[in-house]
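Q: I have a model open in front of me and would like to learn how to read it. Could you take me through it feature by feature?

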Amino acid sequence: MAVAQWVFLARQAIGRVEQMQQSAKTASGDTASYDTATVIVEVAPAKVFDTVKNLLGKNTEVKVTRTDDARRSVEFTDGKQIGGIQVNVMGDSLAQLMVSTAHPGVSGSATSTIVERILAVCKDLGVSCQRSAQ
């Protein structure tokens with residue numbers, strides 16, 4: 001019964017991109033920031049992960065630094081910040097795409113860029129995703 005409730009709740013969130021960000025001064029006076037966004041899509045996790053890898057491979061602005069096929073995760077950098085994408089299995093045809101970046105010493109937020117990338121993945125998968133109305 002608990003699994004059915006979890007799947008019901010997840011289905012209510014399908015296609016809704018949720019995001020959060022935080023910045024803080026470090027002890028040395030620098031600024032450290034992170035941005036995270038996530039979306040649940042009704043697509044097989046393996047297909048989502050293949051799409052992520054394909055899109056990152058085409059992106060000349062970032063360099064993939066590590067891929068872990070077993071965990072369905074990819075780490076990347078643009079030279080100023082680091083990031084990671086993980087595809088979590090929620091069912092045979094249900095996946096959570098989670099993207100996070102960290103950018104020490106770089107002011108500003110990367111959240112809008114992350115959300116745009118997630119929306120691009122959704123478009124490539126042929127599913128409808130939208131920003132959350134926060």
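Q: Let me begin with the largest pocket: how many residues line it, and which lie nearest its centre?

A: Happy to help, and please keep in mind that this is a predicted model. To read a pocket, begin with the residues around it. Here 24 residues line the largest pocket, and N59, V62, F76, T113 and R117 lie nearest its centre. Its volume is about 410 Å³.

Q: Which elements give two or more residues to that lining?

A: A good next step is to trace lining residues back to their helices and strands. For the largest pocket, the elements giving two or more residues are α2 (45–58), β4 (73–77), β5 (82–91), β6 (94–102) and α3 (111–125). The largest share, six residues, is supplied by α3.

Q: What is the make-up of the lining by class?

A: Sorting the side chains by class gives a quick chemical picture. The lining of the largest pocket has 14 nonpolar residues, seven polar ones and three charged ones.

Q: Stepping back, how many helices and strands does the protein have, and in what pattern?

A: Count the elements, then read them in order. The protein has three helices and seven strands, and along the sequence they follow the pattern α-β-β-α-β-β-β-β-α-β.

Q: What share of the contacts joins residues at least 24 apart?

A: This value tells you how contacts are spread along the chain. Taking contacts between residues at least 6 apart in sequence, 53% join residues at least 24 apart.

Q: And what about the surface: what area does the protein expose, and what share of residues is buried?

A: Look at the outside and the inside together. The protein exposes about 8,000 Å², with carbon and sulfur atoms supplying 53% of that area. Of the 134 residues, 36% are buried.

Q: Let me try single residues. Is T51 buried or exposed?

A: Compare the relative accessibility with the cut-off. T51 sits in helix α2, and it counts as buried because its relative accessibility is 9%, where buried means under 20%.

Q: What is T51 in contact with, beyond its neighbours within four places in sequence?

A: Setting those neighbours aside, you will find T51 in contact with V121, D124 and L125. T51 and L125 are 74 residues apart along the chain, yet their C-alpha atoms are separated by 7.3 Å. Check the side chain too: that of T51 reaches the backbone oxygen of K47 at 2.9 Å.

Q: What does the side chain of T77 reach?

A: Follow its polar atoms in the same spirit. T77 lies in strand β4, and its side chain reaches the backbone nitrogen of G79 at 3.0 Å. Leaving aside neighbours within four places in sequence, T77 is in contact with E61, V62, K63, T65 and I82.

Q: How should I read a loop residue such as D30, and where does it lie?

A: Place it between its flanking elements, then check its exposure. D30 lies in the loop between β1 (16–25) and β2 (31–41). With a relative accessible area of 47%, D30 is partly exposed. Leaving aside neighbours within four places, D30 is in contact with A24 and K25. D30 and P104 are 74 residues apart in sequence, with 7.4 Å between their C-alpha atoms.

Q: Finally, what is the phi of R72?

A: As a general idea, most residues other than glycine have a negative phi. R72 is not a glycine, yet its phi is positive, about 55°. R72 lies in the loop between β3 (63–68) and β4, and at 25% relative accessibility it counts as partly exposed.

Definitions and conventions
Residues numbered from 1 in each chain as written. Predicted model: local features only at pLDDT ≥ 70, side-chain atom pairs only at ≥ 80, totals over all residues. Heavy atoms only, no water. 1 Å grid on protein atoms, 1.4 Å probe; cavity = no way out; pocket = protein on both sides within 12 Å on 5 of 7 lines; lining within 4 Å. Points joined across faces, edges and corners; volume = space filled by probe spheres on them. Helix = DSSP H or I, 4+ residues; strand = E, 2+ residues; numbered from the N terminus. Nonpolar A, V, L, I, M, F, W, Y, C, P; charged D, E, K, R; others polar. Buried < 20%, exposed > 50% of the residue type's maximum accessible area, 1.4 Å probe, protein only. Contact = heavy atoms within 4.5 Å. Polar contact = N/O pair within 3.5 Å; in protein donor to acceptor, adjacent residues only side chain to side chain. Areas by Shrake-Rupley, 256 points an atom, 1.4 Å probe, with all protein chains shown as cover.
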